[in-house]
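Colleague: I would like to learn how to read a few features of a model. Can we go through them one by one?

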Amino acid sequence: MDYVEKNLIAGETVVYTTRLHWSVLIGPMVLGLIFGVPGIALIVRSATGPDGKSGSITPMMAGGLILLVVAAVCIGAGILKRNATEMAVTNKRLVVKVGIASRRTLELLLQKVESIGVEESLIGRILGYGTVVVRGTGGTPEPFHRMAHPIEFRKQVQEQIEKLLEKSN
């Protein structure tokens, strides 16, 4: 939670954090397998072939290495996407940051949260992920897809709003 911790305001503490669900890695892992398995097969075939010369890189081995690099990039991009998403509830705000090179952030004071909705598919309910839709007062809805533990996230936001209301009364 680097972004969240670096951007806390005076007297603010992080109450709850979550991130993207592990299921966002399924696509990149499948792509990694699609490219990686043939890459390994080409390298092994090249090394064990009848014309395989030790110490030389054949076109087959080069193709296998290229496929392995593509597989690693696919998997690495998926992991990077997951780790580049930060979602937190503090005692004063709701903070969501998505992205590394280009960044999208939502920092909403808890008093300004009009509603927070959760949409879960059957698979999402079973695996523990869903879409959280945050709407600030007078604002447009902001959906955040494949968030891990969306019900707990909503509960934490609601609890912090209640605490703020009790303090103001």
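Modeller: Start with K155. This is a predicted model. The relative accessible area of K155 is 39%, so K155 is partly exposed.

Colleague: Which residue forms a salt bridge with K155?

Modeller: The general idea comes first. Side chains of opposite charge can pair when their charged atoms come close. Here the partner of K155 is E159, with the closest N and O atoms 3.9 Å apart. The cut-off is within 4 Å, so the pair counts. E159 is partly exposed as well, with a relative accessible area of 33%.

Colleague: Where do E159 and K155 lie?

Modeller: Both are in helix 5, residues 150-168. They are four residues apart, about one turn of the helix.

Colleague: How many salt bridges are there by this rule?

Modeller: The count comes to five. One of them joins R93 and E12, at 2.9 Å from N to O. R93 lies in strand 3 (residues 93-98), and E12 lies in the loop between helix 1 (2-6) and strand 1 (14-18), so this pair ties together parts 81 residues apart in sequence.

Colleague: Are R93 and E12 buried or exposed?

Modeller: Both are buried. R93 has 7% relative accessibility. Buried means under 20%, so R93 falls in that class.

Colleague: Which other side chain meets R93 in a salt bridge?

Modeller: That of E107, at 2.8 Å from N to O. E107 lies in strand 4 (residues 104-109) and R93 in strand 3, so the pair ties together parts 14 residues apart in sequence. E107 is partly exposed, with a relative accessible area of 34%. Put the pairs together, and E12, R93 and E107 are linked in a network of salt bridges.

Colleague: Strand 3 and strand 4 carry that second pair. How many bridges pair these strands, and in which sense?

Modeller: Six bridges, in the antiparallel sense. For a register point, take V96, which stands opposite L106 in strand 4.

Colleague: What is the strand order in the sheet of four strands?

Modeller: The order is 1-2-3-4, the sheet is open, and the pairing is antiparallel. Strand 1 and strand 4 stand at the edges with a single partner strand each, so one side of each has no neighbour in the sheet. On average, neighbouring strands of this sheet are turned by 10 degrees against each other, direction ignored.

Colleague: And how do I read side chains along a strand?

Modeller: In a regular strand the side chains alternate between the two faces of the sheet.

Colleague: Now the sheet of three strands. Which strands stand at its edges?

Modeller: Read the order again: this open sheet runs 5-6-7, with antiparallel pairing. Strand 5 and strand 7 are at the edges, each with a single partner strand, so one side of each is left without a neighbour in the sheet. The twist averages 25 degrees from one strand to the next.

Colleague: How many residues of strand 6 are buried?

Modeller: Seven of its eight residues, so "mostly covered" is the right phrase for strand 6 (residues 129-136).

Colleague: How many bridges join strand 6 to strand 5, and how many join strand 6 to strand 7?

Modeller: Six bridges join strand 5 to strand 6. Five join strand 6 to strand 7 (residues 142-148). Use opposite residues to fix the register. I116 stands opposite V134 in strand 6. V133 stands opposite P143 in strand 7, and G130 stands opposite M147 there.

Colleague: What should I note in the hairpin of strand 6 and strand 7?

Modeller: It has five residues between the strands, and G138 takes a positive phi near 70 degrees.

Colleague: Last feature: packed helices. How are they described?

Modeller: Two packed helices are described by the angle between their axes and the distance between the axes. Here helix 2 (residues 26-48) and helix 3 (residues 59-83) pack at about 160 degrees, with their axes 7 Å apart. Angles over 145 count as roughly antiparallel, and helix 2 and helix 3 are therefore in that class. The crossing of helix 2 past helix 3 is left-handed.

Colleague: Which kinds of residues make up the contact of helix 2 with helix 3?

Modeller: The contact residues divide into 17 nonpolar, seven polar and one charged.

Technical notes
Residues are numbered from 1 along each chain as its sequence is written. This is a predicted model: local features need pLDDT of at least 70, side-chain atom pairs count only at pLDDT 80 or more; totals for chains, interfaces and linings use all residues. Side-chain values use heavy atoms; hydrogens and water are left out. A salt bridge is a side-chain nitrogen of Lys or Arg within 4 Å of a carboxyl oxygen of Asp or Glu. Helices (H or I, at least four residues) and strands (E, at least two) are DSSP runs, numbered from the N terminus. Buried means under 20% relative accessible area, exposed over 50%, partly exposed in between (1.4 Å probe, protein chains only). Axes are lines fitted to C-alpha atoms, for helices over the stretch in contact, and angles run from 0 to 180 degrees between N-to-C directions. Angles under 35 degrees count as roughly parallel, over 145 as roughly antiparallel, 65 to 115 as roughly perpendicular and the rest as oblique. A crossing is left-handed if the near helix is turned anticlockwise from the far one by less than a right angle, and right-handed if clockwise. Ala, Val, Leu, Ile, Met, Phe, Trp, Tyr, Cys and Pro count as nonpolar, Asp, Glu, Lys and Arg as charged, and the others, Gly among them, as polar. Two strands pair if DSSP finds at least two bridges between them.
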